[in-house]
Amino acid sequence: MSAALLPLPDESSAPFWDGCVRGQLLVQTCTGCGRRRMPPRPMCPACTSLAHSWIPSSGHGRIWSFVVPHPPLLPAFTDLAPYPVVVVELIEDPMIRFVGNLVTWPEGEINEVDPTTIAIGQRVHVVFAAPVEDGNGPPMAIPRWIRD
Amino acid sequence: MPTPLLQDATAIVGIGTTEWSKSAEDSEMVLALRAIRAALDDAGILPSEVDGLSSYSLESTEEIEIARNLGLGDIGYFGRVHYGGGAGCGVVGQASMAVATGVCNVAVAWRSRKRGSAASRPWAGVSQRVGGNPQWSRPFGLVRPVDEIAMLTRRYCHEFGATREDLCAVAMAVRAHANLNPAAQMFAKEMTRDSYFAARMVSEPLCLFDNCLETDGAAAVVIVAADRAADRPSPPAWIHSWAQSLPAQHQTMTNYFCDDPLRGPAWSCAEQLWDRSSVGPGDVDVAQLYDAFSPLVLLSLEGYGLCGRGEAAAFVAERGIGPGGGLPVNTSGGGMSEAYIHGFNLVVEAVRQVRGTSTSQTPDATWSLVTSGEGVPTGALLLRGGDR
């Protein structure tokens, strides 16, 4: 894959991104009440517990929605446009959603899936490309999705 | 039920704008000064009488500079509201609250913005790594506001059966209003169904004409208490009720992580707004609905109860929101066809409607609704014409 725009982990998100480097899609889960939350944050909004763990998800989801951006875009994306971007909801908890890209193999480009073949509700599963070096910090991997 | 404390306690008595352009020579400061000066002249109030200032947290013109340039008096209230295009009605509402409670007597609310040049677009400055909330979307190429709203739009169409034809109907209605407004950036440019569908895609399913304009300009309003409102040069636009809302579990713009993303901040804002009003959504004569993107008009029609959930497209088609429609919307041309000043020109136009001075005037407009951005923490104002 091309070197894209990588995330800048913070205290709350670092375990998620570390999981991606290890090939795991982790979901922050409250130790107090068991409720999952995404995006990650320090406190559980259901029970105000600060205790949480990171539980591997099934990695299986469904397309909740998608868009196809066209230029003008940031330089990192201009040459790849138009490309689809999806929101995926997890099978085991549809309230847990991720923005992501569709590919046909882990190292694929984000524009390799024909947008006209995409539909809301299609089943997908997560994959991870090899961690990317961008010279701005440690190597990062981001989750990507392949249709089942 | 007792009358809510702030109902009709204040009024907008002055409005002012600069001209709208793609590339103004004036700085944002000079644009702000021109708009505020025009609003004070319109109100018949001297700059030295102003003691309250309210604006957006994104506003670049600072209170101290505004006050020192215009020769304002001692300022006793100054405040700002967050969340970009969601701020506008809260900016006016908070100023109104300060006036109603006696914290200040004459409040000015304003927004000045130079957005016409491509270099000024905030998302264009992103480089290297992205932190904060954008870390969950931008690394995947969801980089601009239009991409973020297009995601909700596709889902909306999926759930409620709306199509690009319905977005086209919104864009054309708003453009038809602009074609009556000589000050609108799109005054001389007509939009047809053919030209809409010929426009380039920006973020599918949204095309160029589903997007707001890029505008340099400024707008301002003057707010005073009821006892000072009646003897102004123009009829007062009473602030009958107002509301802000940052709903539970909301995330600004990429609001995909809550239970029901299509039930956005407009819904909870509307509950507050109508609770504090003596009338309901069915009484609204004319509406200015924040339209950074055409689908926000559909979402706002539903959120504020102007039609039922999922029925906005049918409402636009059957009742009509263009000139002469059953509920005229964005009668100056709105953000898509008059000017995009983060929604503050919508506030000015809502006042014109109760004054009877709009270029696309709704006959006998008494109840004039204006809303701020949907998809972000937002606000709304219900203005009323006539005697107090």
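Biologist: In which sense do strand 4 of chain A and strand 5 of chain B pair, and over how many bridges?
Modeller: Strand 4 (60-69) of chain A and strand 5 (residues 201-204) of chain B run antiparallel and share 2 bridges. Two strands pair if DSSP finds at least two bridges between them, and helices (H or I, at least four residues) and strands (E, at least two) are DSSP runs numbered from the N terminus. This is a predicted model, where local features need pLDDT of at least 70 and side-chain atom pairs count only at pLDDT 80 or more, while totals for chains, interfaces and linings use all residues. Residues are numbered from 1 along each chain as its sequence is written, and chains are lettered from A and ligands numbered from 1 in the order in which they are written.

Biologist: Handy. Which residue in strand 5 of chain B stands opposite A:P69?
Modeller: That would be B:S203.

Biologist: And how many residues of each chain are in contact across the interface?
Modeller: 34 residues of chain A meet 31 residues of chain B, a contact being two C-beta atoms, placed from the backbone, within 7 Å. On the chain A side, strand 4, strand 5 (85-90) and strand 6 (97-100) each give two or more residues. Strand 4 of chain A gives the most, with 6 residues.

Biologist: Let's move to chain B. What is it built from?
Modeller: Chain B has 12 helices and 11 strands. Its C-alpha trace spans about 50 × 45 × 45 Å along the principal axes. Buried residues account for 59% of its 388 residues; buried means 20 or more other C-beta atoms within 10 Å of the residue's own, again placed from the backbone. Of the contacts in chain B between residues at least 6 apart in sequence, 78% join residues at least 24 apart.

Biologist: I was looking at strand 4 of chain B. Why call it largely enclosed?
Modeller: Because 9 of the 9 residues of this strand (residues 106-114) are buried. One side carries B:V106, B:V108, B:W110, B:S112 and B:K114, the other B:A107, B:A109, B:R111 and B:R113, and both faces are covered.

Biologist: Which strand does it run antiparallel to?
Modeller: Strand 7 (residues 216-225) of chain B, through 9 bridges. There, B:A109 stands opposite B:V221. Strand 4 of chain B also pairs with strand 2 (residues 52-56) of chain B, in the parallel sense and over 4 bridges, with B:G52 and B:A107 as bridge partners.

Biologist: What else does B:V221 touch?
Modeller: Leaving out residues up to four places away in sequence, its neighbours include B:I12, B:I15, B:V92, B:A109 and B:V347. B:V221 is also among the residues with the most contacts inside the largest nonpolar core, together with B:V222, B:V347 and B:L381. That core has 162 residues, and a core here is a set of buried Ala, Val, Leu, Ile, Met, Phe, Trp, Tyr and Cys joined through C-beta atoms within 7 Å. Its largest share, 10 residues, comes from helix 5 (residues 164-178) of chain B.

Biologist: What about helix 3 of chain B, mostly covered or mostly open?
Modeller: Mostly covered, with 12 of its 13 residues buried, including B:V91, B:V92, B:Q94 and B:M97. Just after this helix, B:G102 takes a positive phi of about 80°.

Biologist: Last one: what does helix 8 of chain B pack against?
Modeller: Its buried residues pack against strand 8 (237-245), helix 9 (294-303), strand 10 (367-371) and strand 11 (378-384) of chain B. Among those buried residues of helix 8 (residues 265-275) are B:W267, B:C269 and B:L273.
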